[in-house]
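Biologist: Could you take me slowly through one part of this model, looking closely at how its helices pack and how its strands are arranged? I am new to this, so please explain each step with care.

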Amino acid sequence: MRFLVAMALSVLALAAPAFAADKPLVIVMNHEPETLDATKAINGVLTMPSMINIEEDLIGVDAAGNPAPGLATWKIAPDGMSIDVTVRPGVKFQSGDPFTARDIVFSHERMASNPIYKSATRGLDHVALVDDQTARFYFKHPDVTFLVRRALIIVSKAYHDRVGEAEFVKHPVGTGPYKLVKYQPAQAMELEAFDGYWGGAPSVKHVRLEFVNEGTTRVAKLRSGEADIILNTPYTDVEQLKGEGFKMAMLDVTPTTSVGFIKENPHVPWHDIRVREGVAHAIDADAIVKGLFRGIPKHYAGFAPGQIGYDPSLKNYTYDPALAKKLLAEAGFAGGFKMPLTYWIGEDYGMRETAEAVALYLKAVGIECAVQGMEVPKMVQIMRKNAKHPELADTAGIGPTPYANYYEPIVALNFVFASSSPFSTYRNPAFDKLVGEAIETFDVPKRAALVRQAGRILHDDYVMIPIWNGVAVYAMKKNIDFRPTPHQLMRMEVKDVTVH
């Protein structure tokens with residue numbers, strides 16, 4: 001009966017009249033921005049999927065997701081110690097103010113206190129104004145990650161000076177293709193096309209972004225016709241939605257869903273490498289991918305094929321519960337132990353299901369997991385606390401690790417595992433040395449070799465056990481075309497949507 005009802009709803013939705021020009025395009029996503037001021041956002045995963053339509057990155061991307069001229073072009077000094085960035089002529093903010101190099105300096109200074117930006121630009125010394133069209137970025141050492149990370153979000157100094165801080169944050173303006181019309185926290189955001197957009201006026205004029213955490217609710221909205229596009233479509237619904245006539249767009253994206261350990265505390269069982277290795281062999285990751293997620297996600301041992309530093313010699317850990325029990329016994333835990341297993345809520349699909357499956361596999365080898373979900377802001381707060389004192393942390397969990405499908409793998413290694421990162425709890429001088437060298441190495445083959453060595457250290461140390469790699473699934477009505485551009489993270493760029 002439920003299937004018949006679902007089919008009836010889908011038929012009604014697909015038979016609906018063509019998209020009306022004055023009707024907003026409704027996009028339902030689970031990523032609500034943590035703030036309307038993207039320059040202050042701590043978690044870009046939550047903020048940028050929607051805010052990218054309003055406030056843009058300084059550096060653009062091409063169709064393959066690689067750095068490309070957007071708001072600006074750039075020229076790297078021969079010694080790699082500075083980069084001149086020149087603004088694209090004729091670009092205006094939604095406030096009507098022209099985009100100049102002063103806005104680049106202002107945006108940098110505004111983001112300088114943001115811990116994520118500070119981490120992304122650790123090699124940056126300062127930014128200086130050359131003239132109204134050019135800003136120069138000076139580095140402490142060459143940094144190949146600066147352009148790839150696209151960390152600098154551009155906002156208007158003139159608008160800020162005119163309206164003040166409170167209004168600036170409440171009513172953000174950017175250079176993006178859409179203007180913010182209305183924002184209802186925990187509900188929706190309404191956008192209107194910015195006809196003065198430097199990339200050309202968007203074809204879709206009115207947009208409503210709705211924020212819905214529950215995947216089944218997003219699917220129901222698509223079937224009922226309330227949504228035109230949904231993000232983070234549950235893998236379990238993909239084939240049925242296809243059968244009902246809905247279109248899909250799929251994109252390999254970061255993160256890598258993994259079991260992560262903070263191993264620096266000598267008083268936790270997983271401080272012993274044999275315990276971590278035992279956990280790795282206790283989990284049948286391929287069965288999780290096939291059984292829970294219909295075989296849609298990938299399962300890589302490290303970085304993905306095609307990435308700089310991809311290592312085909314790295315193999316996924318084998319599922320071998322007998323070996324897992326043997327390793328636990330050798331470590332002194334033949335009787336097992338109890339372990340917290342915390343998973344992220346409200347960011348990525350599949351965390352709860354993965355955590356529950358992992359807990360069952362670990363129970364089979366004697367490890368009792370206390371499974372607990374935690375909202376992203378609280379989890380980030382705990383991560384920052386643990387990073388300061390990893391020797392006191394007693395945490396293990398299921399999380400979305402930024403790893404495979406980053407276009408510059410050294411960014412992932414540096415952000416997640418280098419000891420200088422504000423989020424890293426991993427301490428390994430040999431690993432840090434490799435990452436530091438790779439950051440300064442513009443020669444791609446040499447950098448790739450350093451990345452492979454660093455990846456091998458992580459693999460052999462069992463600090464991250466990959467379970468599955470993300471595939472973003474956008475589901476939409478049959479009269480809609482949307483081809484997402486590869487990014488480090490999933491985003492919803494409405495300017496790329498066409499309605500027939």
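Modeller: What follows is a close look at two helix pairs, then a sheet, and then a single loop residue. Please keep in mind throughout that this is a predicted model.

Two packed helices are described by the angle between their axes and the distance between the axes. Let us begin with helix α16, which covers residues 429–439, and helix α17, which covers residues 444–461; their axes come within 9 Å and cross at roughly 155°. Angles over 145 degrees count as roughly antiparallel, and α16 and α17 are therefore roughly antiparallel to each other. The crossing of this pair, α16 with α17, is left-handed. On the α16 side, the residues that meet α17 are Ala 430, Phe 431, Leu 434, Glu 437 and Ala 438, while α17 brings Arg 447, Leu 450, Gln 453, Ala 454, Ile 457 and Leu 458. Sorted by class, this contact of α16 with α17 holds eight nonpolar residues, one polar residue and two charged ones.

The second pair is helix α11, residues 285–293, and helix α13, residues 351–363, whose axes come within 11 Å and cross at roughly 130°. The relation of α11 to α13 is therefore described as oblique, and α11 passes α13 in a right-handed crossing. Here Ala 287, Ile 288, Leu 292 and Phe 293 of α11 make the contact with Glu 353, Thr 354, Ala 357, Val 358 and Tyr 361 of α13. The classes in the contact of α11 with α13 are seven nonpolar, one polar and one charged.

We can now turn to the strands. Strands of a sheet pair through backbone hydrogen bonds, either parallel or antiparallel. In this model an open sheet of 10 strands, with mixed pairing, runs in the order β8-β9-β10-β1-β11-β16-β12-β15-β13-β14. Strands β8 (178–184) and β14 (367–375) stand at its edges and have a single partner strand each, so one side of each has no neighbour in the sheet. Elsewhere in the sheet, strand β12 (residues 247–261) and strand β16 (residues 464–476) run antiparallel and are joined by 11 bridges. Within β16, Pro 466 is the residue that Ser 258 stands opposite.

Finally, consider Gln 307, which lies in the loop between α11 and α12 (321–330). Its relative accessibility is 11%, and because buried means under 20%, Gln 307 counts as buried. Leaving aside residues up to four places away in sequence, Gln 307 touches Tyr 403, Ala 404, Asn 405, Tyr 406, Tyr 407 and Pro 409.

Conventions: Residues are numbered from 1 along each chain as its sequence is written. This is a predicted model: local features need pLDDT of at least 70, side-chain atom pairs count only at pLDDT 80 or more; totals for chains, interfaces and linings use all residues. Side-chain values use heavy atoms; hydrogens and water are left out. Axes are lines fitted to C-alpha atoms, for helices over the stretch in contact, and angles run from 0 to 180 degrees between N-to-C directions. Helices (H or I, at least four residues) and strands (E, at least two) are DSSP runs, numbered from the N terminus. Angles under 35 degrees count as roughly parallel, over 145 as roughly antiparallel, 65 to 115 as roughly perpendicular and the rest as oblique. A crossing is left-handed if the near helix is turned anticlockwise from the far one by less than a right angle, and right-handed if clockwise. Contact means heavy atoms within 4.5 Å. Ala, Val, Leu, Ile, Met, Phe, Trp, Tyr, Cys and Pro count as nonpolar, Asp, Glu, Lys and Arg as charged, and the others, Gly among them, as polar. Two strands pair if DSSP finds at least two bridges between them. Buried means under 20% relative accessible area, exposed over 50%, partly exposed in between (1.4 Å probe, protein chains only).
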